[in-house]
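User: I should like to learn how the contacts in a protein–DNA model are to be read. Could we proceed from one feature to the next?

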2 protein chains.
Amino acid sequence: MSHCSHPAALLPEASECLRRDARKITGPRRSILEILHRHSHPMTSKEIFAQMPKGGCNLATVYRSLHLLESIGLVKRYDFGDNIARFELKASGDDGHHHHLICTRCSTVVKVETCFPPEWEKQIARENGYQKVTHRLEFFGVCPRCATQNGEVC
Amino acid sequence: MSHCSHPAALLPEASECLRRDARKITGPRRSILEILHRHSHPMTSKEIFAQMPKGGCNLATVYRSLHLLESIGLVKRYDFGDNIARFELKASGDDGHHHHLICTRCSTVVKVETCFPPEWEKQIARENGYQKVTHRLEFFGVCPRCATQNGEVC
DNA sequence: TTTATAATTGCAAATCATTTGCAATTGGAG
DNA sequence: CTCCAATTGCAAATGATTTGCAATTATAAA
Ligand SMILES: [Mn+2]
Ligand SMILES: [Mn+2]
Ligand SMILES: [Zn+2]
Ligand SMILES: [Zn+2]
């Protein structure tokens with residue numbers, strides 16, 4: 001929701017990632033990065049599409065761009081179980097691994113820093129003969145606002 | 001994969017659940033319960049459909065039946081992030097809450113008993129003003145078999 | 001700056017899992 | 001055995017996402 005770091009600082013870094021893979025820095029990609037930068041919570045392709053500046057681009061382009069940005073590690077994909085992919089910009093240096101608490105009423109999302117105990121995860125890997133194990137973890141509940149206006153949606 | 005309890009013991013219990021809600025015990029529903037009973041891992045609607053005995057039923061009926069069985073608490077739905085719902089029979093008494101370790105190569109699924117620390121979850125709820133919080137947690141990695149035959153799929 | 005060309009885009013049609021409307025069928029209470 | 005709400009088959013509708021293809025464009029090289 002807020003823009004912490006300077007937006008301009010993002011482009012050079014992204015450019016580098018793109019160039020490294022012989023990809024182009026296009027209008028749609030630039031816009032998507034800016035949009036993700038100013039909304040610091042997971043956004044769906046449609047939400048991003050709706051935020052595109054005048055002229056915009058085709059929705060298919062948003063999908064393709066997000067794929068690319070994800071593949072080169074600039075963006076992280078999240079799945080909240082509603083069959084709609086959501087994307088967040090990864091902070092440079094950050095591996096983007098964190099979790100969320102989602103309101104099942106109004107879909108409000110809060111970042112959760114707590115992670116599943118790494119030791120436990122290693123144990124699970126060991127027990128099953130897996131070399132490396134990762135996880136997907138999201139929390140669900142009814143946010144205080146929705147809990148108040150009981151019955152209604154935020 | 002194995003049939004632990006007596007399959008016959010399942011029906012009376014299911015019947016009770018269904019009757020309690022003025023629902024009928026039909027062929028398709030009986031078949032689905034039996035299929036889920038003998039495969040003790042999460043199954044997709046298509047997989048269940050493919051296991052239907054001769055005569056079978058329409059795929060739409062499988063979807064509708066699974067919905068119903070889920071709504072009356074006989075079946076639990078899981079989401080492994082591939083946009084295909086999977087279902088497991090709940091052991092009576094069990095709330096069905098557990099997790100899985102999924103091979104990203106061959107999709108083999110192993111049940112994981114370890115759960116996210118309840119105290120930590122309560123803390124997350126408290127911190128955010130939520131009354132009650134649940135979670136969805138799945139583990140991913142490459143199973144030992146797939147790790148060996150590197151490159152190929154099980 | 002101009003050129004050459006691989007990458008990108010718009011558009012429409014295709015996918016894929018899942019849902020739904022509706023008419024025909026059926027389980028099971030009375 | 002009767003009756004009727006619950007169920008089912010079928011085909012069409014959904015909704016997110018993907019894809020084929022021809023037209024457009026970013027950009028490295030000349
Ligand atoms: Mn986040
Ligand atoms: Mn399981
Ligand atoms: Zn809410
Ligand atoms: Zn495997």
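Analyst: We begin with a term: a polar contact is a pair of N or O atoms within 3.5 Å. In this predicted model, a phosphate oxygen of DNA strand D lies 2.8 Å from a polar backbone atom of Lys24(B), so the pair falls under that cut-off.

User: Which other residues make such contacts with a phosphate oxygen of DNA strand D?

Analyst: Chain A supplies examples of two kinds. At Ala85(A), a polar backbone atom is 2.8 Å from a phosphate oxygen of the strand. At His67(A), an N or O atom of the side chain is 3.3 Å from a phosphate oxygen.

User: How many residues surround DNA strand D, and which are the closest?

Analyst: A residue counts as near a strand if one of its heavy atoms lies within 4 Å of it. DNA strand D is surrounded by 20 residues, and the closest are Lys46(A), Tyr63(A), Thr26(B), Arg29(B) and Thr61(B). Of the atoms of DNA strand D that come within 4 Å of the protein, 68% belong to sugar and phosphate.

User: Which helices supply at least two residues each of the surface near DNA strand D?

Analyst: They are helix 4 of chain A and, from chain B, helix 2 (27-38) and helix 4. Helix 4 of chain A has the largest share, four residues. By class, the residues of this surface divide into eight nonpolar, five polar and seven charged.

User: How should DNA strand C be read?

Analyst: The reading follows the steps used above. There are 21 residues around DNA strand C, the closest being Thr26(A), Arg29(A), Thr61(A), Lys46(B) and Tyr63(B). Sugar and phosphate make up 68% of the atoms of DNA strand C that come within 4 Å of the protein. Helix 2 (27-38) and helix 4 (59-71) of chain A, along with helix 4 (59-71) of chain B, each give at least two residues to the surface near this strand. Helix 4 of chain B gives the most, with four residues. The surface near DNA strand C comprises eight nonpolar, five polar and eight charged residues.

User: Which atoms of DNA strand C are paired with Ala85(B), His67(B) and Asn83(B)?

Analyst: A polar backbone atom of Ala85(B) is 2.8 Å from a phosphate oxygen of DNA strand C. For His67(B), an N or O atom in the side chain is 3.3 Å from a phosphate oxygen. For Asn83(B), a polar backbone atom is 3.5 Å from a sugar or linking oxygen.

User: Turning to the protein itself, how is chain A divided?

Analyst: One first takes the order of helices and strands, then the domain bounds. Chain A has six helices and six strands, in the order α-α-β-α-α-β-β-β-β-α-β-α. Its domain 1 covers 1-93 and its domain 2 covers 97-154. The contact between them takes six residues from domain 1 of chain A and eight residues from domain 2 of chain A.

User: How much area is buried between the two domains of chain A, and which residues of domain 1 lose the most?

Analyst: Buried area is the accessible area that two parts lose on being put together, summed over both. Between domain 1 and domain 2 of chain A it is about 640 Å², with 57% from carbon and sulfur atoms. On the side of domain 1, Tyr78(A), Asp79(A) and Phe80(A) lose the most, together 70% of what that side buries.

User: Which side chains form the salt bridge there?

Analyst: The rule finds one salt bridge across this interface. The side chains of Asp79(A) and Arg136(A) meet in a salt bridge at 3.4 Å, N to O.

User: What does the interface of chain A and chain B show?

Analyst: Here one reads extent before chemistry. In this interface, 33 residues of chain A are in contact with 33 residues of chain B. The buried area is about 2700 Å², and carbon and sulfur atoms give 64% of it. Tyr130(A), Arg136(A) and Phe140(A) supply 25% of the area that chain A buries against chain B, more than any other three residues. The rule finds zero salt bridges between the chains, whereas five residue pairs are in polar contact. Strand 6 of chain A has the largest share of the side that touches chain B, nine residues. That side of chain A has 19 nonpolar, nine polar and five charged residues.

Technical notes. Residues are numbered from 1 along each chain as its sequence is written. Chains are lettered from A and ligands numbered from 1 in the order in which they are written. This is a predicted model: local features need pLDDT of at least 70, side-chain atom pairs count only at pLDDT 80 or more; totals for chains, interfaces and linings use all residues. Side-chain values use heavy atoms; hydrogens and water are left out. A polar contact is a pair of N or O atoms within 3.5 Å; within protein, one must be able to donate a hydrogen and the other to accept it, and residues adjacent in sequence count only if both atoms are side-chain atoms. Ala, Val, Leu, Ile, Met, Phe, Trp, Tyr, Cys and Pro count as nonpolar, Asp, Glu, Lys and Arg as charged, and the others, Gly among them, as polar. Domain bounds come from an automatic or database domain assignment. Contact means heavy atoms within 4.5 Å. Buried area is the accessible area (1.4 Å probe) that two parts lose on being put together, summed over both. A salt bridge is a side-chain nitrogen of Lys or Arg within 4 Å of a carboxyl oxygen of Asp or Glu.
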